[in-house]
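This report walks through one protein model, topic by topic. Please keep the sequence and the structure in view while reading.

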Amino acid sequence: MSYEGDSQIFDIPTNLSNIVAPPTSYDKSILSRDEIRFNAQAIAYNNTARDITIRLNSAGYLDTATAYLFVDLKVDHTNCQILEEGLFNLIGQATISVAGKIVERIEDVSELLPLLKHSCTQEWLQTEGKMGGQYRYCKSTGYQTSIVNDDAVDANNDSINVALMNQVSGDTVNMPRANGTYTTSSIGINTVDKIYLGQTVSHNSMNTSAKGSGTHDFWRDLSEGTNKADNTARTLCVPLSLIFGLFRQHNTYLPVRNMPLEIKLTLKQYAESFIHVPPCVSDKIQGRPIPVTEDQTSATHATEPVTGTVIAPIMTNLKDNNFAGYSLTNVHILGDILTPAPALVSKIDSMAAGNTGISMIIDTYNVNKQPVQYSENINLVSTRSYSHLKDVFTTFKPAELETNLFLQKTDRYYGSVVESVSTQIGSKVMPSTNPADSINEMFINLRKCLGIQNNIGNSRGVVSLNSYQGKPDSLNSGCKKLPYSHGYIPNIKMARATSGSDEAKKFLNAHLLPSQAHSNFVIGTNTQRVLASSSLSGLNSIGTSYTCTTKVKFKRFNPADVTDSSSSANNGSLDNCFGDLDLIATQIMHSDILVSISNGLCSVLE
């Protein structure tokens, strides 16, 4: 699957090649191009009004490459809620209907994010990806400071100390264990009291891990967050081709006059998309945001600027699990509408109105999520039939990540503890000989599914092999788990805290979690005869007894191994110490479907 256009020259669509004879360039028949805005039905959307409907009706033709969804996002407290992966992660179910017939239904659009990160390039991520609010895997430079956190271990103020990893003991991010407990051992502790300096990847611009000097000349007002600095909403946009296969047909003009479109999007619940972090103030010299959780009124305070009692009401809201303060306004789709020559319009109209019809092949995704328990052998079963199944993708994450307001929702873990994987569809077993039993084989199989294997000099995907299995990309001072350069392991017990020092810590940890270059483990199984083709070479299971079973073998979990540096369960990975927690397993079925428009009706062959 490709999220970026290829260089093929597309004159006349194959399904429309009988319009003119001999064939002439389809583009030469275009007389005009106009950008048109299609507005959503409601003025604003929020956590209770989550259903968006946009109709695309026109007498012209829609250039699919130009179709983008735009929204203005605003949250109640600037810099207090981070929308992970931008607008893409806020969309749950998405459907598109043609002439009243549902053509595509994606149950959870955000589950496609791992495939996007394995398909896009760094250049796309820094441009269109950033316009959609995506900051994961964007390259950034960490700051270094010589300011030493000299608070005594037993007297350290957890509420105001932002350098949590600087202490020898006590204020460390601990390893999650079975049933949500953790040890007192630290992971990748920074013993030199300095931030990592160098190239890393971060989720957003709030990549901070330092304690300020307390000099008030360094501070200013609350810094820019999800809202703009003037407290207005932030505009985000994503191409519809990231969601619907109907818009992934590059250089294709949809005759909207013959196939009116209706797009319905359901926003996810607030807790499934946002995380809560404390308010931040910024260092004037380096612009580095520093989080604070308590009001400070004394101008002589050594570690925090005067906040003027603006933090308390914000923190009150953020501690409320029912808080859901966000809104989407000015929701619309922008796209270019083309006007072809009258002769071409007439011929296509006659095709759509007659038995000949207009046909097109599009690829789409079916998402299935199910809870499972960590065990040595997990079997994931699907019984849905497909006429042309192209790929099967499988991901795992701790179930706690799904709704906890202090944990990332889009992380995909367990690449370091999967031993082997195989998929069986009917009587066909893939791989056909032995199960894929190495991380290298799984990584190559995924790239085969995405059509990006063996691309020397032009390889797509911002996820490295190390990140794929949850390991740091490089070592710093011999430490494989240095959190300042490679992120934190989420502390599930702390994220559940409702009182005491852990509650203060969880806000500061949630602030630092975005700097994590997380594991992005995806199992891919290709079922096509021709790789990355559009020739309907996928597996046909219609009319036969169909069961797709993916068998995943995990390493046996032993709690003692987590703290044993010689154990395979403590091999320097960032995601191998969750233990036998409940998981969410997601399977994504990638398939081709045939859409036909004839006699004013739409039919779909899946």
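## Strand β26 and its partners

Strand β21 (residues 377–382) pairs with β26 in the antiparallel sense, over six bridges. Within this pairing, Asn379 stands opposite Lys551 in β26. Strand β26 also pairs with β23, again in the antiparallel sense, and here there are seven bridges. In that second pairing, Gln424 stands opposite Thr549 of β26.

The model is a predicted one. Is strand β26 enclosed by the rest of the structure or not, and why? Strand β26 (residues 548–554) has seven residues, and five of them are buried, so the strand is largely enclosed by the rest of the structure.

## A four-stranded open sheet

Four strands make up an open sheet, in the order β3-β15-β6-β7, with antiparallel pairing. At the edges are β3 (51–56) and β7 (101–106), each of which pairs on one side only. On average, neighbouring strands of this sheet are turned by 15° against each other, direction ignored.

One pairing in this sheet can be followed residue by residue. Strand β6 (residues 91–98) is joined to β7 by five bridges, and the two strands run antiparallel. Ser97 has Ile102 in β7 as its bridge partner.

## Salt bridges

How many salt bridges does a search of the whole structure find? The search finds 15. One of them is formed by Glu262 and Arg55, whose closest N and O atoms are 2.8 Å apart. Glu262 lies in strand β15 and Arg55 in strand β3, so this pair ties together parts that are 207 residues apart in sequence. Glu262 counts as buried because its relative accessibility is 17%, a value under the cut-off of 20%. Arg55, at 43% relative accessibility, counts as partly exposed.

Lys390 and Asp592 also meet through their side chains in a salt bridge, with 3.4 Å from N to O. Lys390 belongs to strand β22 and Asp592 to strand β27, so the pair ties together parts that are 202 residues apart in sequence. Both ends of this salt bridge are buried: Lys390 has a relative accessible area of 7%, and Asp592 has one of 4%.

## A salt-bridge network

A third salt bridge joins the side chains of Lys369 and Glu402, at 2.6 Å from N to O. Lys369 is in strand β20 (residues 358–373), while Glu402 is in the loop between β22 and β23, so the pair ties together parts 33 residues apart in sequence. Lys369 is partly exposed, with a relative accessible area of 27%, whereas Glu402 is buried, with 17%.

Which residues are linked with Lys369 and Glu402 in a network of salt bridges? The network also includes Asp108, Glu111, Lys268, Lys397 and Arg412.

## Backbone exceptions

Most residues other than glycine have a negative phi, and most peptide bonds are trans. Tyr414 is not a glycine, yet its phi is positive, near 80°. This residue lies in the loop between β22 (389–398) and β23 (418–425). Is Tyr414 buried or exposed? At 2% relative accessibility, Tyr414 counts as buried.

Asn599 likewise has a positive phi, of about 55°, although it is not a glycine. Asn599 sits in the loop between β27 (582–598) and β28 (601–605). With 43% relative accessibility, Asn599 counts as partly exposed. A further exception concerns a peptide bond: the one joining Met430 and Pro431 is cis, with omega about -5°. Pro431 is found in the loop between β24 (428–430) and α6 (439–450).

## Confidence in the model

The average pLDDT of the chain is 74, and 66% of the residues score at least 70. Where in the chain is confidence lowest, and where is it highest? Confidence is lowest in strand β11 (residues 198–202), with a mean of 32, and highest in strand β15 (residues 261–267), with 97.

Two stretches call for care. Over residues 1–24, pLDDT stays under 50, and the model has 50 contacts beyond four places in sequence for them. Over residues 141–216, pLDDT also stays under 50, and here the model has 222 such contacts. Where pLDDT is low, the predicted coordinates should not be read in detail.

How values were computed:
Residues are numbered from 1 along each chain as its sequence is written. Side-chain values use heavy atoms; hydrogens and water are left out. Two strands pair if DSSP finds at least two bridges between them. Axes are lines fitted to C-alpha atoms, for helices over the stretch in contact, and angles run from 0 to 180 degrees between N-to-C directions. pLDDT is the predictor's confidence in each residue, from 0 to 100. Contact means heavy atoms within 4.5 Å. Buried means under 20% relative accessible area, exposed over 50%, partly exposed in between (1.4 Å probe, protein chains only). A salt bridge is a side-chain nitrogen of Lys or Arg within 4 Å of a carboxyl oxygen of Asp or Glu.
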